[in-house]
Amino acid sequence: MSKDVPAETLTRPPNRKPPIWPWVVVLILVIGGILVHRELTLLFDDLQRTGRDLIQLFEWLLSFFPEAERAGQI
């Protein structure tokens, strides 16, 4: 600002509202985080169930080989 201009002629900038876009970004990130957490939880539950099923399948397949049972490998 120049010192030549009288103080009466200077105008203040209008009062502006704070921007809303940072809050929109935060909201999107929070909702995305919740959805990712939900999907990962469902994925791990499915993997856990599938792992139990695979173990049962391998035990069933090995039951067809009686020599493995006699050797104590099961």
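These legends walk through close-up views of a predicted model.

Because the model is predicted, local features need pLDDT of at least 70 and side-chain atom pairs count only at pLDDT 80 or more, while totals for chains, interfaces and linings use all residues. Residues are numbered from 1 along each chain as its sequence is written, and side-chain values use heavy atoms, leaving out hydrogens and water.

**View 1. The whole chain, with its two helices.**
The protein chain has two helices and zero strands; both kinds of element are DSSP runs numbered from the N terminus (helices are H or I with at least four residues, strands are E with at least two). Just 1% of the 74 residues count as buried. Here, buried means under 20% relative accessible area, exposed means over 50%, and partly exposed is in between (1.4 Å probe, protein chains only). The chain exposes about 7600 Å², and carbon and sulfur atoms supply 67% of that; such areas come from the Shrake-Rupley method with a 1.4 Å probe, and for residues only the protein chains shown count as cover.

**View 2. R49 and D46 meet in a salt bridge.**
Side chains of opposite charge can pair when their charged atoms come close. To count as a salt bridge, a side-chain nitrogen of Lys or Arg must be within 4 Å of a carboxyl oxygen of Asp or Glu. For R49 and D46, the N to O distance is 3.0 Å. Both sit in helix 1, three residues apart, or about one turn of the helix. R49 is partly exposed at 46% relative accessibility, and so is D46, at 40%.

**View 3. E39 and R38 form a salt bridge too.**
The structure holds two salt bridges, and in this one the closest N and O atoms are 3.2 Å apart. E39 is partly exposed at 46%, as is R38 at 49%.

**View 4. W60 and F64 make an aromatic pair.**
A search of the whole structure finds one aromatic pair. W60 and F64 form this edge-to-face pair, with 4.9 Å centre to centre and 80 degrees between the planes. Rings of Phe, Tyr and Trp (its six-membered ring) pair if their centres lie within 6.5 Å; planes under 30 degrees apart are stacked, over 60 edge-to-face, and the rest tilted. F64 counts as exposed, at 52% relative accessibility.
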